[in-house]
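Visitor: I've got a structure up on the screen and would like a walk around its inside. Could you take my questions as they come?

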Amino acid sequence: MKFFPLNPLFLISFTIVSLFSTQWSTASSYKNKDFLQCLSIHSTHIPIYTPINSSYSSILRSYAQNSRFSTQYKTLKPLVIIKPSHVSHLQSTVICSKSHDLQIRIRSGGHDTEGLSYISDLPFVVVDLINLKSIEVDTTNNTAWVQSGATIGELYYRIAEKSRTLAFPAGVCPTVGIGGHFSGGGYGWLMRKYGLAADNVIDAYLVDANGGVFDREAMGEDLFWAIRGGGGGSFGIVVGWKVKLVRVPPIVTTCRLDKSLDKNTKKIVYQWQYVANRMEEKLLIGINLTGGNPTKGVKRNPTASFFSLYLGKTDKLVTIMNTTLPNLGLTKANCKETSWIQSTLIAAGFTNGQPLEILLSKPTLSNNISYKIKSDYVKQPISQHAFKGIWDRLKSQEVETSQLFLFPYGGKMSNISSSKTPFSHRAEFLYKISYTVGWAEQGSGANERHLNWIREFYSFMTPFVSNSPRAAYVNYRDLDIGTNNKYGKTSYEEASIWGLKYFGNNFKKLVQVKTTVDPSNFFRHEQSIPPLTLS
């Protein structure tokens with residue numbers, strides 16, 4: 001994959017969809033005009049959209065995967081949306097944004113759970129990486145270059161075009177953007193065998209806060225370490241990633257078993273805690289607990305769905321499960337032998353014979369669904385008393401849809417040092433919990449009711465999960481656990497409130513790297529890594 005440095009003498013001739021909006025203040029108009037002129041000086045043919053353009057609003061709305069922020073993105077609009085198609089466009093955008101005191105929000109797939117890739121309280125531009133989506137698969141060396149604007153589904157599809165026995169250990173949702181996913185670690189069904197997506201990144205190209213372009217050798221090992229799990233939007237714009245592909249057998253087995261949340265199922269969930277992280281690394285079995293009341297007046301009882309992926313055939317998997325978790329009652333009828341690439345469709349919910357090309361679909365607005373996600377990590381099995389509280393909350397008819405996803409650790413994750421990458425959640429944890437509440441009802445009352453529900457649930461779980469710090473997953477970004485100062489500098493102590501939860505002891509090193517590569521804190525947002533400040 002080739003990238004080209006910015007030529008500062010390459011002037012004018014850039015594509016501008018519109019320049020001004022009469023709705024802006026005079027100061028904003030002048031700032032925008034000066035910013036656009038700066039871009040014209042530094043690069044060529046940059047696709048740019050401003051609020052007066054007819055497609056500006058539809059482009060902005062398409063970013064909002066979470067309707068919870070629909071009001072905010074109507075008021076906290078970017079001055080400009082930029083869709084770079086060349087690395088020089090990114091360099092120009094950084095140089096001109098920095099010189100005109102504009103923040104940059106970087107959008108890869110638009111799945112930031114707190115909307116930080118497309119809203120800001122301060123003057124900002126959105127850099128939409130959708131045109132930077134090249135993927136080059138090298139089956140000779142078992143590697144691939146993938147640009148940050150590509151999606152997980154596109155990467156899987158391009159790998160499968162070349163080989164059905166090569167894969168990559170990334171996430172389940174095919175429309176998630178590569179840039180954000182890799183930056184936060186990126187977990188998926190191959191995690192117990194091959195680790196995280198970030199664990200398998202072996203090179204990258206990055207545009208830094210001064211507009212320079214660096215590969216791994218040029219950026220140095222500290223910065224390369226930081227971008228593989230240190231969260232997006234802190235150190236620069238990663239243009240592309242070189243990844244190590246992994247081997248999978250021609251036939252894998254995927255299983256699903258749905259159960260009502262009766263006494264026996266509750267016992268199975270409780271027992272799962274003791275065995276899921278100890279199973280052989282070729283096997284991952286997770287649990288999705290679902291509750292809520294999506295249809296008013298129609299009571300829905302909570303359910304438990306058991307999902308598994310086994311890098312082998314069904315007979316062996318059933319034998320393993322009947323030995324380690326016999327009460328589950330898994331049979332061959334609950335399983336399907338398929339290729340790894342087909343298993344990614346099944347995991348994503350495409351179970352009706354959809355073609356592989358569905359992996360190439362781009363994100364669309366999720367039918368006006370609002371949601372909130374939180375996360376926890378568990379070190380010791382949760383007590384039956386605690387599970388009673390979980391069951392009671394899943395029965396709540398006050399929310400439309402509630403989910404707890406229990407995802408086991410162990411295997412490869414226990415063999416990787418907690419300091420190898422910024423992602424520190426490794427051997428000490430049995431499993432991860434993600435809490436999700438979703439709702440279609442509109443209005444502030446519905447928002448408040450659902451947010452209160454998940455926050456109370458999270459508070460209830462405090463005694464039963466990790467503590468000091470209470471660990472969280474940065475790609476399930478949660479501003480409830482702390483934010484940087486909106487106006488002014490953020491101290492190390494202030495940022496540690498949330499930073500230690502995401503990164504553990506690695507947070508200190510992330511701050512040191514940030515201080516070295518971006519001391520002016522150009523790349524920043526509500527939970528970006530801050531540089532050390534002088535008191």
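What follows is a chat about the cavities, cores, sheets and one helix of this predicted model.

Visitor: Let's begin with the empty spaces. How many cavities of 30 Å³ or more are there, and what is the volume of the largest?

Guide: Rolling a probe the size of a water molecule over the atoms shows where empty space is left. Here the count of cavities of 30 Å³ or more comes to 2. The largest cavity has a volume of about 40 Å³.

Visitor: Which elements give two or more residues to the lining of that largest cavity?

Guide: Its lining includes W189, R192, K193, L283 and L284. By class, the lining has 6 nonpolar and 4 charged residues, with no polar ones. The elements that give two or more residues to the lining of the largest cavity are α7 (191-194) and β13 (283-291).

Visitor: And the second largest pocket: which residues lie closest to its centre?

Guide: That pocket holds about 590 Å³ of space. Its lining divides into 12 nonpolar, 13 polar and 7 charged residues. Of the 32 lining residues, the closest to the centre are N484, N485, K486, R524 and H525.

Visitor: H525 makes me curious about N415. How far apart are the two in space, C-alpha to C-alpha?

Guide: N415 is found in helix α14 (residues 412-415). N415 counts as exposed because its relative accessible area is 60%, and the cut-off for exposed is over 50%. N415 and H525 are 110 residues apart in sequence, and their C-alpha to C-alpha distance is 33 Å.

Visitor: On to the packing. Which helix gives the largest share of the largest nonpolar core?

Guide: This core has 124 residues, and F182, I227, W241, L289, I433 and M461 are the ones that touch the most other members. The largest share, 7 residues, comes from helix α15 (residues 444-460).

Visitor: What does I227 contact, leaving aside its neighbours within four places in sequence?

Guide: Two of its partners, F182 and W241, are on the list of core residues that touch the most other members. The full set of contacts for I227 is F182, S183, A204, L206, M219, F235, V238 and W241.

Visitor: How many residues are in the other core that lies apart from the largest one?

Guide: I46, I48, W145 and I237 are among its members. This other core has 27 residues.

Visitor: I237 is a strand residue, I think. What is its bridge partner?

Guide: Strand β10 (residues 237-244) pairs with strand β8 (residues 201-207) in the antiparallel sense over 6 bridges. Both belong to an open sheet of 5 strands in the order β5-β6-β10-β8-β9. The bridge partner of I237 is V207.

Visitor: Which strands are at the edges of that sheet?

Guide: The pairing in the sheet is antiparallel. An edge strand here pairs on one side only. The edge strands are β5 (135-138) and β9 (213-214).

Visitor: Why is helix α5 largely enclosed, and what do its buried residues pack against?

Guide: Helix α5 (residues 152-162) has 8 of its 11 residues buried, so it is largely enclosed by the rest of the structure. Among the buried ones are L155, Y156, Y157 and I159. They pack against β5, β6 (143-147), β7 (166-167), α6 (178-183) and α12 (340-347).

Visitor: Last one: which residue stands opposite T401 in β18?

Guide: T401 starts strand β17 (residues 401-408), which is mostly covered, with 6 of its 8 residues buried. β17 pairs in the antiparallel sense with β13 over 5 bridges, and with strand β18 (residues 431-439) over 8 bridges. In β18, the residue opposite T401 is G438.

Definitions and conventions:
Residues numbered from 1 in each chain as written. Predicted model: local features only at pLDDT ≥ 70, side-chain atom pairs only at ≥ 80, totals over all residues. Heavy atoms only, no water. 1 Å grid on protein atoms, 1.4 Å probe; cavity = no way out; pocket = protein on both sides within 12 Å on 5 of 7 lines; lining within 4 Å. Points joined across faces, edges and corners; volume = space filled by probe spheres on them. Helix = DSSP H or I, 4+ residues; strand = E, 2+ residues; numbered from the N terminus. Nonpolar A, V, L, I, M, F, W, Y, C, P; charged D, E, K, R; others polar. Core = buried A, V, L, I, M, F, W, Y, C linked by side-chain atoms within 4.5 Å. Buried < 20%, exposed > 50% of the residue type's maximum accessible area, 1.4 Å probe, protein only. Contact = heavy atoms within 4.5 Å. Pairing = 2+ DSSP bridges.
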